[in-house]
Amino acid sequence: MKTKAFTLIELLVVIAIIAVLMAILMPSLRAAKDQAQRLHCINNVKTLSFAWMLYKDDNDDKLVGGMPGRTVDAWMFGPTGNDPDHLEQCMEGIRRGKLFEYVKNEKVYRCPSDDRDIRQGMWTYGSFSISGALNGEEKEWSNRHLILYSEIKKPYDTFVFVEEIDPRGWNMGSWVVSRDFGNSWIDPVAIWHSKNRSTLGFADGSADMHQWVNKSTIDTAMRAAW
């Protein structure tokens, strides 16, 4: 018995149907992936925020150093050396930081949507910075500098961690605001999520996804990202 084969027209119809289905499904798949990455990122920041609070509990209310590598109590250090495996150097810097004994997982320091670890010239694995006002470097820029947790008036409204994209290759400093330039940000925020959202971690241990609406904020973040 002869088997009926597809005609060219029938094959083209099948291909067209598949293309239409893919066009319908792809946005939903991308949205689902973005949602999963958002939840993962929020959980990472919650873990970091909890570790940040545990540190002050173990150190007489003193906040961990918010400036990477500058002081002995720094929450993390940057990559060092000339090893071609720069990601291992980045992770070693994370392990040397004071929060790692509470976190015990390098992956917590990274947003899953942050792709800088595979970019040319980017020596980074961590996606987050600590606010310069919280025992960071902001004293040098604006004279706002808290050392003790008890000095924070509204922990629920004071952000500690912010997603940052430092154009120098990795997030070298703390995240600061300069009064000398009209309360402007020194480094742009990273908007890895839906191109207008960043994860923030707060001094009460919570974390949330913040949606930016200011066009200049989004444009600056986009230029830094690409």
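The legends below accompany close-up views of salt bridges and cysteines in a predicted model.

**View 1. Lys62 and Asp73 pair up within a loop.** Searching the whole structure turns up six salt bridges, and this view shows one of them, between Lys62 and Asp73. Their closest N and O atoms lie 3.7 Å apart. Both residues sit in the loop between helix H1 (8-58) and helix H2 (86-96), and with eleven residues from one to the other, the pair links distant parts of the chain. The two partners fall into separate accessibility classes: Lys62 is partly exposed at 35% relative accessibility, whereas Asp73 is buried at 11%.

**View 2. Arg95 meets Glu92 along helix H2.** Here the side chains of Arg95 and Glu92 form a salt bridge, with an N to O distance of 3.2 Å. Why are Arg95 and Glu92 separated by about one helical turn? Because they are three residues apart in helix H2. Arg95 has a relative accessible area of 27% and is partly exposed. Glu92 is partly exposed too, with a value of 36%.

**View 3. Arg95 also reaches Glu106.** A salt bridge joins the side chains of Glu106 and Arg95 at 2.5 Å, N to O. This pair links distant parts of the chain: Arg95 belongs to helix H2, while Glu106 lies eleven residues away in the loop between helix H3 (100-103) and strand E1 (128-130). Glu106 is buried, its relative accessible area being 17%. Do keep this view beside the previous one, for Arg95 appears in both.

**View 4. Four residues share one salt-bridge network.** Which residues are joined into one network by salt bridges that share partners? They are Glu88, Glu92, Arg95 and Glu106. Within the network, Arg95 pairs with Glu92 and with Glu106. Glu92 is partly exposed, while Glu106 is buried.

**View 5. Cys111 and Cys41 stay unbonded.** The cysteine sulfur closest to that of Cys111 belongs to Cys41, at 3.5 Å. A disulfide needs the two sulfur atoms within 2.5 Å, so this pair does not qualify. Cys111 is buried, with 0% relative accessibility. How many disulfides does the count come to? The total is zero.

**View 6. Cys90 is tucked away from the surface probe.** Is Cys90 buried or exposed? At 4% relative accessibility, Cys90 counts as buried. Cys90 takes part in no disulfide, as the count for the model is zero.

Technical notes. Residues are numbered from 1 along each chain as its sequence is written. This is a predicted model: local features need pLDDT of at least 70, side-chain atom pairs count only at pLDDT 80 or more; totals for chains, interfaces and linings use all residues. Side-chain values use heavy atoms; hydrogens and water are left out. Helices (H or I, at least four residues) and strands (E, at least two) are DSSP runs, numbered from the N terminus. Buried means under 20% relative accessible area, exposed over 50%, partly exposed in between (1.4 Å probe, protein chains only).
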